[in-house]
Amino acid sequence: MAIKDHQWKTASINELDFWLSSHQEPTCELDKIGRNYNCDKCNTQTAIINGNEVFIPGHNYTKIYENIFKEKRNDKVKMLEIGMGCYPTNGHSLRMWCDYFSDLEIHVVDINEKNFDCSFYYDNSKVFFHILDPSIHYN
């Protein structure tokens, strides 16, 4: 990922440094799992900038998600994930959710079938992919 493709692309170096200096440690168990996959929902991600791997801000959703889902972690859970990410760097949050929940059935919708090409193992009895194009009116 290049910083020009990131939600912080307009931030100053001082803003980035300030944010990153206070967000180096994982915020919760879900954040730790998501960092294993460089998931954008974590508080930080890594990116290659000028040939160097550096930390960049993530969306910082994992702490909120964990507060919502922690009581359900060991329950049977059905989940809908909207968007898979763009191939070939897709599936980061799918992998995070599959590791976090012990009994997860997850349905992933995306507009582009190519984004469902995964370079990692997933249990196809628990992970289901669906093409959904919002520009088409389904009956």
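Select Lys70 to begin: with a relative accessibility of 44%, Lys70 counts as partly exposed, because the value falls between the limits of under 20% for buried and over 50% for exposed. The residue sits in this predicted model within the loop that runs between helix 3 (62-69) and strand 3 (76-82). Add Leu30 to the selection and draw a distance between the two C-alpha atoms, and the viewer should report 9.1 Å for a pair that is 40 residues apart in sequence.

Now zoom out and colour by secondary structure. The chain has four helices and five strands, and from the N terminus on these elements follow the order α-α-β-β-α-β-α-β-β. Of the 139 residues of the chain, 33% count as buried.

**Helix 2 and the loop after it**

Which residue of helix 2 forms a salt bridge with Asp31? Select Arg35, whose closest approach to Asp31, N to O, is 3.3 Å. Both residues belong to helix 2 and stand four residues apart, about one turn of the helix. Are the two partners buried or exposed? Arg35 is partly exposed, with a relative accessible area of 22%, whereas Asp31 counts as buried, at 0% relative accessibility. This is one of the four salt bridges that the structure holds.

Continue along the chain to Asn38, in the loop between helix 2 (29-36) and strand 1 (44-49). Asn38 is not a glycine, yet its phi is positive, at about 55 degrees; its relative accessible area of 25% makes Asn38 partly exposed.

Next, select Asp40 and Lys41, whose side chains meet in a salt bridge with an N to O distance of 3.3 Å. Asp40 is partly exposed, with a relative accessible area of 28%, while Lys41 counts as buried at 15% relative accessibility. Keep Lys41 displayed for a later stop.

**A second asparagine with positive phi**

Move to Asn60, which lies in the loop between strand 2 (52-57) and helix 3. Asn60 has a positive phi of about 65 degrees although it is not a glycine, and with a relative accessible area of 26% Asn60 is partly exposed.

**Strand 4 and its surroundings**

Select Asp110, which is part of strand 4 (residues 103-110). Side chains of opposite charge can pair when their charged atoms come close. What is the nearest side chain of opposite charge to the buried Asp110? It is that of Lys41, 10 Å away, and Asp110 has no salt bridge. Show Met84 as well: the backbone nitrogen of Met84 lies 2.8 Å from a polar atom of the Asp110 side chain.

One step further, Ile111 is found in the loop between strand 4 and strand 5, and at 51% relative accessibility Ile111 counts as exposed. A C-alpha to C-alpha distance from Ile111 to Gly83 comes to 7.7 Å, although 28 residues separate the two along the chain.

Then select Val109 together with Leu132, the latter in the segment after strand 5 (127-131). These two residues are 23 residues apart along the chain, and their C-alpha atoms are separated by 5.9 Å. Leu132 itself is partly exposed, with a relative accessible area of 41%.

For another salt bridge, select Lys126 and Asp103, whose closest N and O atoms are 3.0 Å apart. This pair links distant parts of the chain, since Lys126 is in the loop between strand 4 and strand 5 while Asp103 is in strand 4, 23 residues apart. Lys126 counts as partly exposed at 30% relative accessibility, and Asp103 counts as partly exposed at 25%.

**The second largest pocket**

Finish by showing the surface around Cys98, Asp99, Tyr122, Asp123 and Val127, which lie nearest the centre of the second largest pocket among its 14 lining residues. The volume of this pocket is about 200 Å³. Which element gives the largest share of the lining? Helix 4 (residues 92-100) does, with four residues. Sorted by class, the lining has nine nonpolar residues, one polar residue and four charged residues.

Note on methods: Residues are numbered from 1 along each chain as its sequence is written. This is a predicted model: local features need pLDDT of at least 70, side-chain atom pairs count only at pLDDT 80 or more; totals for chains, interfaces and linings use all residues. Side-chain values use heavy atoms; hydrogens and water are left out. On a 1 Å grid over the protein atoms alone, a cavity is a set of points where a 1.4 Å probe fits but cannot get out, and a pocket is an open set with protein on both sides within 12 Å along at least five of seven lines; lining residues have an atom within 4 Å of a point. Grid points are joined across faces, edges and corners, and a volume is the space filled by probe spheres set on the points. Helices (H or I, at least four residues) and strands (E, at least two) are DSSP runs, numbered from the N terminus. Ala, Val, Leu, Ile, Met, Phe, Trp, Tyr, Cys and Pro count as nonpolar, Asp, Glu, Lys and Arg as charged, and the others, Gly among them, as polar. Buried means under 20% relative accessible area, exposed over 50%, partly exposed in between (1.4 Å probe, protein chains only). Lys and Arg count as positive and Asp and Glu as negative; His and the chain ends are not counted. A polar contact is a pair of N or O atoms within 3.5 Å; within protein, one must be able to donate a hydrogen and the other to accept it, and residues adjacent in sequence count only if both atoms are side-chain atoms.
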